[in-house]
Amino acid sequence: MTKSRYPYAPDEFDAPAPQGAPVGVHRTPRSGWSKTWPFLLVAVVFAGLAYGGVALLSDNGATDDPPQAQSTEPPAGEAEEPPAAEEPPATEEPPAAEEPPATEETPETPDLATLMAAADPSAFVRVLNDGGPEGESRVGKDALVAQGFTNVEFAPYPDGGSGQEANTVWYVPNRSDTAAAVAATLGIPAENVREEPSLRGGDVVVVVKSELAPVG
């Protein structure tokens, strides 16, 4: 740009420097180390890269060692513990024995003294021998008299028989207590004592078919 076209007025910076004046005196002179260390750094980097490449190539050529098999043996000094013995299965306890059902108690038979207290010693009692041992009807009469009965007779059973198979006691209505005392005195079971409303010729009749068992 020529001075005729420069729009600004001349100032001190437009004046040229005198001949022989120093140029760039504001810069500090550089030392020899500052000029050398960049070259050393480049040399070190390149040397490291070269070493790494050689080591990588040598590792690729080597064969890998096979992995070592793991030993199943226990460490020395440690003995294997034997397997725990299996416990035998628990045996089932036998079921408790069932208690037998309680038997019904049979009512006690009243003793002879109690039966005699309820009987009528004056009742007419006949002892009839119907095929029993000879003289057995007299044995029955004597036992009843000894027990306290006062109106007793003995005789053979009338012709035709009684049709009974065992020693039996019959009685008319309202004489059950007296019949029970007679049967107990002669040893005749209570199941062979029964009422006979049509009975004639006595209040109580004893049919003798076998030997009697009078009470002491």
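Helices and strands here are DSSP runs, helices (H or I) of at least four residues and strands (E) of at least two, numbered from the N terminus. That's what we need to place Asn174, which is found in the loop between β3 and α4. Keep in mind that this is a predicted model.

**Exercise 1. Get your bearings**

Work out how many helices and strands the protein has, and in what order they run.

*Solution.* Start with the tally: the secondary structure comes to 4 helices and 5 strands. Now walk along the chain from the N terminus, and the elements read α-α-β-α-β-β-α-β-β. As for burial, 21% of the 216 residues count as buried. The protein exposes about 17,600 Å², with carbon and sulfur atoms supplying 55% of that area. Finally, take contacts between residues at least 6 apart in sequence: 80% of them join residues at least 24 apart.

**Exercise 2. Lay out the sheet**

Put the strands in order and find out which ones stand at the edges.

*Solution.* Begin with the order: 5 strands make an open sheet, β2-β1-β5-β3-β4, with mixed pairing. Next, look at the ends of that row. β2 (152-156) and β4 (193-195) each have a single partner strand, so one side of each lacks a neighbour in the sheet. On average, neighbouring strands are turned by 20° against each other, direction ignored.

**Exercise 3. Zoom in on β3**

Identify the partners of β3 and say which way its side chains point.

*Solution.* Take the β5 side to begin with. β3 (residues 168-171) and β5 (residues 204-208) pair in the antiparallel sense over 4 bridges. Within that pairing, Thr168 stands opposite Val207, and Trp170 has Val205 as its bridge partner. On the β4 side, β3 and β4 run parallel and are joined by 3 bridges; here Val169 has Val193 as its bridge partner. Now check the directions: Thr168 and Trp170 point one way from β3, while Val169 and Tyr171 point the other way, and all are buried.

**Exercise 4. Add the helices**

Find which strands α3 and α4 touch, then describe how the two helices meet.

*Solution.* Take α3 to start: this helix packs on the sheet against β1 (125-129), β2 and β5, and its direction makes about 175° with that of β2. α4 also packs on the sheet, touching β1, β3, β4 and β5, with its direction at about 30° to that of β5. Now for the pair itself. The axes of α3 (residues 136-147) and α4 (residues 176-186) come within 10 Å and cross at roughly 115°, and the crossing is right-handed. On α3 the contact is made by Gly140, Ala143, Leu144 and Gln147, and on α4 by Val182, Thr185 and Leu186. Sorted by class, that's 4 nonpolar, 3 polar and no charged residues.

**Exercise 5. Two loop residues**

Decide whether Asp130 and Asn174 are buried or exposed.

*Solution.* Asp130 sits in the loop between β1 and α3. The cut-off for buried is under 20% relative accessible area, so Asp130, at 12% relative accessibility, counts as buried. Leaving out residues up to four places away in sequence, Asp130 touches Tyr157, Gly161, Ser162, Gly163, Val207, Val208 and Lys209. Turn to Asn174: its relative accessible area is 79%, so this residue is exposed. One more thing to check is the backbone. Most residues other than glycine have a negative phi. Asn174, though, has a positive phi, near 70°.

Methods. Residues numbered from 1 in each chain as written. Heavy atoms only, no water. Axes fitted to C-alpha atoms, helices over the stretch in contact; angles between N-to-C directions. Left-handed = near helix turned anticlockwise from the far one by under 90°. Contact = heavy atoms within 4.5 Å. Nonpolar A, V, L, I, M, F, W, Y, C, P; charged D, E, K, R; others polar. Pairing = 2+ DSSP bridges. Buried < 20%, exposed > 50% of the residue type's maximum accessible area, 1.4 Å probe, protein only. Areas by Shrake-Rupley, 256 points an atom, 1.4 Å probe, with all protein chains shown as cover.
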